[in-house]
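The following paragraphs offer a guided reading of one protein chain. The reader is invited to keep the sequence and the three-dimensional view at hand while following the text.

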Amino acid sequence: MCGIIGYIGKNCEKVLLTGLKRLEYRGYDSAGMTVSRDGEFVTYKEVGEVKNLEKIVSLSEDFGYGIAHTRWATHGSISLENTHPHFSANGSVALVHNGIIENFEELKNDLLAKSIRFYGQTDSEVVAKMFDKLNINSLRYVLKRLVGSYALVLLSKDGEQLYFAKNRSPLYVARGEDCVMIASDPSCFVDFADSYFELEDGDYGKISLKNDVFYNKNDEKIEKMPKKIDFNFLSEDKSGYEHYMIKEIYQSRLVLESLIERYQTTNLKAKLEEIKHLEFDRIYLVGCGTAYHAGLVGQSYLNERFNIDTFCDIASELPNKNYNIDSHSLCIFISQSGETADTISALKFCKERDAHIVALTNVEYSTIAHLADINLPIFAGQEKSVASTKAYFAQCVTIYILSCFLQGKDYVEPLKIFKNHIDFGDDNELKKLAKVVARYDKVFFIGRGKDYITSQEVSLKLKEITYIFSTAVASGELKHGSLSLVDDKFLTVVISSDKEQFAKTLSNAYEIKSRGGKLLLITSLFVDSDVRGNFDYVLEVPKTENDLLPMQIILPLQKLAYFTACERGNNPDKPRNLAKSVTVE
Ligand code: F6R
């Protein structure tokens, strides 16, 4: 994963630190920067978040050339040795890398045979050690030997330019007055540019204050057209909330408003119409983690409404399943970031089989949006917390809109009613319950049908930010194995919003109670006092129209996970071991 940035201009250290903070969603295991002035490198590295690096960097207003990196560890431990930038053996070239070099061991063995010394274990350091000088020819030579994904930015002690290359990891360039920047995400350009150049796979070249030189994968010199960017998307502050996560949960109301408005515009209706007129006899919904759960919600809508086989799968598993994907398949890829490597890979797999490709993304300039035939934006605004909340909500609403449209059913009125009654649950009650959940180390979430999907999503949210072991089990499946885990230290959260399934789910809950397990009922149904008496805890969640229940119920449950993380003293915005954008397979 990782975020990389390069900059030529004044206030080099400060600009790089600001950029790194914007890229921190890509990883925060360690951060580093190298700045070159008057033919000398100054390098800073620190383990942990960018704020740690910030403490040791000496700022200078002077003109400089710099590169910087925020890391999500893939090869090698989280340590200073493995923190970028990495250097050539003679120390004259510095490099930052995002991606994975698949043949790094072979390359490293060649270098070791030449007695080149390594300081850490990263694949990136191997690339740095392949240089002894930096120019377009040496870059070309090294690129020809690399197998894998990379966004690279390189700097030499005496150079007045930054060199770069891109393959399957994002990289963008923007020019301002007296400065130029290259970065993993155009959000880094917000302070000085309103347009940027997008690099394609195989592109490489150099940027300097005077000009940019771009080559494509065939070594042809190319011109790039600038693209405009809407920076209103970016949200830099917490608007008075303690964490981004809680702010973002509450933003779901605004997101809903925005989706209702935008999906009545001609432009977006034309996209929906275009999908409606495609010829397909199978639908595949594909995503990872939370986005996959949104796909499951979508599958439930589409299955209910069409006489068409609809499948939903995890992106990394799709190519292993022998699905019958061809030109009669509609493949819908769901991804908040639009940069998830597993999803990109599954998308390419379906594209090669001539399937119709639709993307549901939050980032309109992302790789997935770019690769799709049709992109349906989810308009969630920037999501900074690693745990996805408002984007999940937006993905579910967008698929609901799509499924209504395909079926010729009105979506505006039901969504407007939902917006007017949207309910985030009572803070005091949720905080009390969070104190209870925080005491457990093992939690089951159980439910049936759409409640099972919600169980999977809340379970993921809870484990992600609280580090409590939690897993979702379809209620009916418990007795087929998982029940053996239950004892009095186990909490089972029973999610029930479907009247018809309630009796069966209740029996499953009682099977747990008879084995000493503790029970928390989360329900939007009327529950009499006898039933309540069988549960250790009960949380009533708001009702809404049946179709929209998964979007309503998730809101207080996201908050429950959030409060539980706070109760355990964790930072919910930056859970350990994770990153917001997962750009490795
Ligand atoms: C969980 C979470 C992840 C992402 C997953 C896919 O809270 O955020 O499970 O949903 O990594 O990311 P995108 O949607 O960017 O493809």
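Tyr250 has a relative accessible area of 24%, which means that this residue is partly exposed. The model in which this residue is seen is a predicted one. Tyr241 falls into the partly exposed class as well, with a relative accessible area of 34%. These two tyrosines form a stacked aromatic pair: the ring centres are 5.8 Å apart, and the planes make an angle of 20 degrees. The model contains 20 aromatic pairs by the rule applied here.

Another of these ring pairs has a tilted geometry. The centres of the Phe393 and Phe418 rings are separated by 6.0 Å and the planes stand at 40 degrees, and because stacked pairs lie under 30 degrees and edge-to-face pairs over 60, this pair counts as tilted. The pair joins distant parts of the chain, since Phe393 belongs to helix α12 (residues 390-407) and Phe418 to helix α13 (residues 412-421), with the two positions 25 residues apart in numbering. Are these two residues buried or exposed? Phe393 has a relative accessible area of 0% and is therefore buried, and Phe418, at 2%, is buried too.

Helix α12 leads on to the interior of the model. The largest nonpolar core comprises 86 residues, and α12 makes the greatest contribution to this core, with 13 residues. The residues with the most contacts inside the core are Tyr263, Ile332, Leu376, Tyr411, Leu415, Ile522 and Met551. Tyr411 may serve as an example. When neighbours within four places in sequence are set aside, Tyr411 contacts Tyr263, Lys269, Leu272, Tyr400, Ile401, Cys404 and Phe405. Phe405 also has a charged group over its ring: the charged end of Lys276 sits there, 5.2 Å from the ring centre. A second arrangement of this kind involves Lys108, whose charged end lies over the ring of Phe118 at 4.8 Å from its centre.

The strands may be considered next. An open sheet is built from eight strands in the order β3-β2-β4-β1-β10-β9-β11-β15, with antiparallel pairing. Which strands stand at the edges of this sheet? They are β3 (40-47) and β15 (227-228); each has a single partner strand, so one side of each lacks a neighbour in the sheet. At the β15 edge, strand β11 (residues 195-198) runs antiparallel to β15 and is joined to it by two bridges. Within this pairing, Tyr196 has Lys227 of β15 as its bridge partner.

Strand β4 (residues 64-71) of the sheet contains Gly64. With a relative accessible area of 0%, Gly64 is buried. Apart from residues up to four places away in sequence, Gly64 touches Tyr7, Ile8, Gly9, Cys12, Ser36 and Arg37. A separation of 44 Å lies between the C-alpha atoms of Gly64 and Phe563, which are 499 residues apart along the chain.

A further group of strands centres on β13 (residues 212-215). Both faces of this strand are covered: Asp212 and Phe214 are buried on one side, and Val213 and Tyr215 are buried on the other. Phe214 also takes part in a cluster with Phe164 and Phe197, linked through ring pairs. Strand β12 (residues 204-208) pairs with β13 in the antiparallel sense over four bridges, and the two strands form a hairpin with three residues between them. In this hairpin, Lys206 has Val213 of β13 as its bridge partner. On the following stretch of chain, β13 is joined to strand β14 (residues 221-222) by two bridges, again in antiparallel orientation. Tyr215 is placed opposite Lys221 of β14. These two strands also form a hairpin, with five residues between them, and Asp219 in the turn has a positive phi of about 65 degrees.

A parallel arrangement completes this reading. Strands β21 (residues 442-447) and β22 (residues 469-474) pair in the parallel sense, and six bridges join them. One of the residue pairings in this arrangement sets Val443 against its bridge partner Ser470 in β22. The chain passes from β21 to β22 by way of helix α15 (residues 450-466), and the resulting β-α-β crossover is right-handed.

Terms used. Residues are numbered from 1 along each chain as its sequence is written. This is a predicted model: local features need pLDDT of at least 70, side-chain atom pairs count only at pLDDT 80 or more; totals for chains, interfaces and linings use all residues. Side-chain values use heavy atoms; hydrogens and water are left out. Two strands pair if DSSP finds at least two bridges between them. A crossover is right-handed if, with the strands pointing away from the viewer, the path from the first strand over the helix to the second runs clockwise. Rings of Phe, Tyr and Trp (its six-membered ring) pair if their centres lie within 6.5 Å; planes under 30 degrees apart count as stacked, over 60 as edge-to-face and the rest as tilted. Buried means under 20% relative accessible area, exposed over 50%, partly exposed in between (1.4 Å probe, protein chains only). A charge sits over a ring if NZ of Lys or CZ of Arg is within 6 Å of the ring centre and within 35 degrees of the ring normal. Contact means heavy atoms within 4.5 Å. A nonpolar core is a set of buried Ala, Val, Leu, Ile, Met, Phe, Trp, Tyr and Cys residues joined through side-chain atoms within 4.5 Å.
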